[in-house]
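Biologist: Can you talk me through this model? I'd like to start with a loop residue and work outwards.
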2 protein chains.
Amino acid sequence: MADKGPFLTSCIIFYLSIGAAIFQILEEPNWMNAKDQYILEKEIVLKKYTCLTKEGLDDILKIVSEAAGQGVTITGDKHRNSWDWGNSVIFAATIVTTIGYGNVAPKTIGGRVFCILYGLCGIPLCLVWISELGSFFGDRAKRLSQVLIRKGVSVKKVQLTCTALFLLWGLFLHLLIPPFVFMSLEGWSYLEGIYFSFITLTTVGFGDYVAGVNPNIEYPRLYRVFAELWIYMGLAWLSLFFSWNVHMVVAAHKVLKKRRHRHRHD
Amino acid sequence: MADKGPFLTSCIIFYLSIGAAIFQILEEPNWMNAKDQYILEKEIVLKKYTCLTKEGLDDILKIVSEAAGQGVTITGDKHRNSWDWGNSVIFAATIVTTIGYGNVAPKTIGGRVFCILYGLCGIPLCLVWISELGSFFGDRAKRLSQVLIRKGVSVKKVQLTCTALFLLWGLFLHLLIPPFVFMSLEGWSYLEGIYFSFITLTTVGFGDYVAGVNPNIEYPRLYRVFAELWIYMGLAWLSLFFSWNVHMVVAAHKVLKKRRHRHRHD
Ligand SMILES: [K+]
Ligand SMILES: [K+]
């Protein structure tokens, strides 16, 4: 095992270097444009409102920046309370799942200390729960296959059916269908919906897209509850997928070992 | 195993509900204050700059909000290029480690599509690499213990020393010392430094604190490189800690089983 280390380290260095170059090519021009645009628009604002000096505008921007840092919506007059109990549950969930969107984060000393203590116990608890949820679904799949085998379906067909059902479930429920929901409720494009699903279920959680937090949208009542359940189901699916993958690799390894053993004794 | 499911589910529901209530108590008043303050300050701005109408201010705020959404620094005249190659490497690292601070995120369609493909291969690669790095350090610890045992130190003493060294390494290198570095270079408080370390190494990554991105600070040359290496070392330490914990639990379980077996046969 230890001799894989240098190879893997080279792999990761190479992967980061190449990836960075591609991200730079794709994103840098867009950022440059946005920056130049912003500088230009600030100048236009100063010309339009003659009573506003450069220092005055900077003061306004500081006020805005500070409010944004405290989690206050800076445009419009609608302020979504991110710390009522319902939203706090969802915030707590972003800690224990380690998604951490960061659109909401504790700002007080007490909140931060509690956040550390909360994650210390909550992250392992959530990990165990998610893997348990994954094995629950795995058990259901096993029972289904046993019922089918008893009914006289061949083992190979049953295995194929279960694997196909499992992959289709993940593909449709966690990648292809949710973007349609987000398109109709959040007004995102299909790609934005897929991007949000991917960034959420891998627990990267950039927080540039978060479902159910736009203060200008009236969401259906149970939308955020379903969104939460969808996240847990997705994480359980991934946990099952990985344990099932590891299982497959181990099984394949055993078969290979047996074959080698037989060859030696022939 | 399956009967643990309902218990764990109750645990997580209880844990989220209680945690949410505590977060609400700690954070809601602060958010309310910040919101009221912001509304008041907007009114003061409108009174101070008489040429500025409410609509005019809203327009300015929209410009600011849009620029912030594109990753442009909104206050001051210094603009840190988040998409040069060096910063893109660090961005790529936030994907594969699933930390995902989100202070930098792709905004173009190409960038987002590539981000999904990049994470798809990169996250498993990084997971494998980190666990390999962890077992590398674990092997070093094993060798150290073998050397000590050969020198005539008792096995119990060696085990105690190695465990103590391992825990002290994690405690000092990843929790107690880094905040001092962040205090002197980032101007954060000690608690903010611990909060940043915890949120980073658990891969939650809210992004409210990110090391090395303040455009108004001149950082030492290799600071961000060391910060990156520190993150990987921390993740490897955690990986080792968990595999070592699992190992301990399994070993304890085996001892218990053997004892029960003996009792039965007595
Ligand atoms: K994260
Ligand atoms: K995050």
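Modeller: A:Thr98 is found in the loop between α3 (85-96) and α4 (109-150) of chain A. Helices here are DSSP runs of H or I with at least four residues, strands are runs of E with at least two, and both are numbered from the N terminus. This is a predicted model, where local features need pLDDT of at least 70, side-chain atom pairs count only at pLDDT 80 or more, and totals for chains, interfaces and linings use all residues. Residues are numbered from 1 along each chain as written, chains are lettered from A and ligands numbered from 1 in the order written, and side-chain values use heavy atoms, without hydrogens and water.

Biologist: What is the sign of phi at A:Thr98?
Modeller: Positive: phi of A:Thr98 is near 60°, and the residue is not a glycine. Most residues other than glycine have a negative phi.

Biologist: And is A:Thr98 buried or exposed?
Modeller: A:Thr98 is buried, because its relative accessible area is 10%. Buried means under 20%, exposed means over 50%, and partly exposed is in between, using a 1.4 Å probe and protein chains only.

Biologist: What about B:Thr98, where does that sit?
Modeller: B:Thr98 lies in the loop between α3 and α4 of chain B. Its phi is positive too, about 60°, and B:Thr98 is buried with a relative accessible area of 10%.

Biologist: Back up a bit. How many helices and strands are in chain A?
Modeller: Chain A has 8 helices and 0 strands. The radius of gyration of chain A is 25 Å, well over the 18 Å that the globule rule gives for 266 residues, so chain A is more spread out than a compact globule. That radius is taken over C-alpha atoms, and the rule is 2.2 Å times the number of residues to the power 0.38.

Biologist: What does the C-alpha trace of chain A span?
Modeller: About 95 × 45 × 40 Å along the principal axes of chain A. Buried residues make up 41% of its 266 residues. Of the contacts in chain A with a separation of 6 or more, 55% are between residues 24 or more positions apart. A contact means heavy atoms within 4.5 Å.

Biologist: Now the two chains together. How many residues does the contact take from each?
Modeller: The contact takes 113 residues from chain A and 113 residues from chain B. The two chains bury about 9,800 Å² between them, with 73% of it on carbon and sulfur atoms. Buried area is the accessible area (1.4 Å probe) that the two parts lose on being put together, summed over both.

Biologist: Which three residues of chain B supply more of that than any other three?
Modeller: B:Tyr15, B:Phe23 and B:Trp31, which supply 8% of the area that chain B buries against chain A.

Biologist: Give me some residues that touch the other chain. Where is A:Cys51, for instance?
Modeller: A:Cys51 is in the loop between α1 (4-48) and α2 (54-69) of chain A. A:Cys51 is partly exposed, with a relative accessible area of 29%. Leaving out residues up to four places away in sequence, A:Cys51 touches B:Tyr49, B:Thr50, B:Cys51 and B:Leu52.

Biologist: What does B:Ser88 touch?
Modeller: With the sequence neighbours up to four places away left out, B:Ser88 touches A:Ala20, A:Phe23 and A:Gln24, plus B:Ser82 and B:Trp83. B:Ser88 is in helix α3 (residues 85-96) of chain B, and counts as buried because its relative accessibility is 0%.

Biologist: And A:Glu192, which helix is that in?
Modeller: Helix α7 (residues 190-201) of chain A. A:Glu192 is buried at 19% relative accessible area. Beyond residues up to four places away in sequence, A:Glu192 touches A:Tyr209 and B:Arg112.

Biologist: Last one: B:His174. Buried or exposed?
Modeller: B:His174 is buried, with a relative accessible area of 4%, and is found in helix α5 (residues 155-176) of chain B. The C-alpha atoms of B:His174 and B:Ile231 are separated by 8.7 Å, although the two are 57 residues apart along the chain. Not counting residues up to four places away in sequence, B:His174 touches several residues of chain B, including B:Trp169, B:Trp230 and B:Trp237.
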